[in-house]
Amino acid sequence: FDSVVKKADIMQYPQAEYTVRYNGYIADYKEMANEYGVDFEVFLTEYLEVSVDEFYSVINEYAQDTVSIELVSFYIASKENMINNLTKADYIQYVDVYSKAYEMSFEDFEKEYGIELIVKSFVLENVMDYILINGIAK
């Protein structure tokens, strides 16, 4: 799958999606620092052993990679009519499987992750399966 994403010529990242990912990753690490009861910069330098600049550089790259994966996945899904063929029954089955795997109720899983993220995950999983089955990653 990585080879497909790397071959993709992404002209421009959607700024809003990139910003959501970038800020979300930073918020996650700030929350971790808070859970450890330490200042964010101390958490980065002493717990993660990275400089502040290195951290922001890695987060920037990670946000871009995440958006790239989503762009390529949804492009393939669109071209192969995977999104149009997604049914409510497919969604329910997907959530049922993963909510049980995470030992959560269907409702709690949906509340925790949100419908948008669940659908994105479903599409990504189906695209990766499609690539493996059809061998287009070569």
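This is a friendly conversation about the pockets and salt bridges of a predicted model.

Reader: Where do I start if I want to find the empty space in a structure like this one?

Author: Rolling a probe the size of a water molecule over the atoms shows where empty space is left. In this predicted model, the largest pocket holds about 350 Å³ of space. It has 19 lining residues, and the closest to its centre are Y94, L117, K120, S121 and L124.

Reader: Which elements give two or more residues to that lining?

Author: They are α4 (52-79), α5 (88-101), α6 (106-113) and α7 (115-134). Of these, α7 gives the most, with six residues.

Reader: How do the lining residues of the largest pocket divide into nonpolar, polar and charged?

Author: There are 12 nonpolar residues, three polar and four charged.

Reader: What about the second largest pocket, and which residues line it?

Author: About 270 Å³ of space lies there. Its lining is made of E17, V20, R21, G24, Y25, D28, E116, L117 and K120. Helix α2 (15-36) and helix α7 each supply at least two of these residues, and α2 gives the most, with six. By class, this lining has five charged residues, three nonpolar and one polar.

Reader: Let me turn to the charges. How many salt bridges does the structure hold?

Author: Six. To read one, look for a side-chain nitrogen of Lys or Arg within 4 Å of a carboxyl oxygen of Asp or Glu. R21 and E17 make a good example: their closest N and O atoms are 3.4 Å apart. The two residues are four apart in helix α2, so about one helical turn separates them.

Reader: Is R21 buried or exposed?

Author: R21 is buried, at a relative accessible area of 16%, because the cut-off for buried is under 20%. Its partner E17 has 22% and is partly exposed.

Reader: Which parts does the salt bridge between K120 and E17 tie together?

Author: That bridge has an N to O distance of 2.8 Å. K120 lies in helix α7 and E17 in helix α2, so the pair ties together parts that are 103 residues apart in sequence. K120 is buried, with a relative accessible area of 15%.

Reader: What other partner should I look at for K120?

Author: Try E116, which forms a salt bridge with K120 in which the closest N and O atoms are 3.5 Å apart. These two are four residues apart in helix α7, separated by about one helical turn. E116 counts as exposed, at 55% relative accessibility. Through shared partners, salt bridges join E17, R21, E70, E116 and K120 into one network.

Key
Residues are numbered from 1 along each chain as its sequence is written. This is a predicted model: local features need pLDDT of at least 70, side-chain atom pairs count only at pLDDT 80 or more; totals for chains, interfaces and linings use all residues. Side-chain values use heavy atoms; hydrogens and water are left out. On a 1 Å grid over the protein atoms alone, a cavity is a set of points where a 1.4 Å probe fits but cannot get out, and a pocket is an open set with protein on both sides within 12 Å along at least five of seven lines; lining residues have an atom within 4 Å of a point. Grid points are joined across faces, edges and corners, and a volume is the space filled by probe spheres set on the points. Ala, Val, Leu, Ile, Met, Phe, Trp, Tyr, Cys and Pro count as nonpolar, Asp, Glu, Lys and Arg as charged, and the others, Gly among them, as polar. Buried means under 20% relative accessible area, exposed over 50%, partly exposed in between (1.4 Å probe, protein chains only).
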